[in-house]
Amino acid sequence: MPAHAFLILAILTFALAIIALDARILLAQVILFLGYFFLKDSTVLFTLAGILQIVLGVFTLYRCKRFIDYDYYLQLEKTRLARPNLTKGGNKGGDFNLFRKPY
């Protein structure tokens with residue numbers, strides 16, 4: 001993985017972690033980002049960090065996509081354009097952290 005691709009993916013995942021307000025993903029991203037500067041000389045460790053960066057980026061994108069779908073259907077239910085499924089039993093559907101609830 002070229003170094004500039006690693007940094008671009010790190011910045012995008014970092015931004016998604018900030019939007020998602022998830023401290024665990026943000027901490028993992030910061031560790032991988034700082035590891036870039038220390039592992040640059042070691043080919044094997046840099047490749048492993050690149051693979052971990054790709055996995056973390058895909059995981060974050062997948063969770064954000066699932067949250068967007070959840071939010072869309074929640075809005076449909078609240079505007080009565082869809083039958084209540086997510087808001088059954090007094091659940092108002094408000095979540096602060098995107099990654100706590102398995103969407």
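So, the side chain of Thr13 reaches the backbone oxygen of Leu9 at 2.8 Å. That's a polar contact, meaning a pair of N or O atoms within 3.5 Å; within protein, one must be able to donate a hydrogen and the other to accept it, and residues adjacent in sequence count only if both atoms are side-chain atoms.

Quick caveats: this is a predicted model, where local features need pLDDT of at least 70 and side-chain atom pairs count only at pLDDT 80 or more, while totals for chains, interfaces and linings use all residues. Residues are numbered from 1 along each chain as its sequence is written, and side-chain values use heavy atoms, with hydrogens and water left out.

Okay, where does Thr13 sit? In helix α1, residues 3-20; helices here are DSSP runs of H or I, at least four residues, numbered from the N terminus. Thr13 is buried, at 2% relative accessible area, and buried means under 20% with a 1.4 Å probe, protein chains only.

Now meet Gln53, over in helix α3. Gln53 is buried too, with a relative accessible area of 0%, and its side chain joins that of Thr13 through a polar contact of 3.5 Å. Setting aside residues up to four places away in sequence, Gln53 also touches Phe6 and Leu32, among others; contact means heavy atoms within 4.5 Å.

Those two names come back in the largest nonpolar core, which has 8 residues, including Phe6, Leu32 and Leu56. Helices α1, α2 (23-39) and α3 (43-78) each supply at least two of its residues. A nonpolar core is a set of buried Ala, Val, Leu, Ile, Met, Phe, Trp, Tyr and Cys residues joined through side-chain atoms within 4.5 Å.

Notes: Buried means under 20% relative accessible area, exposed over 50%, partly exposed in between (1.4 Å probe, protein chains only).
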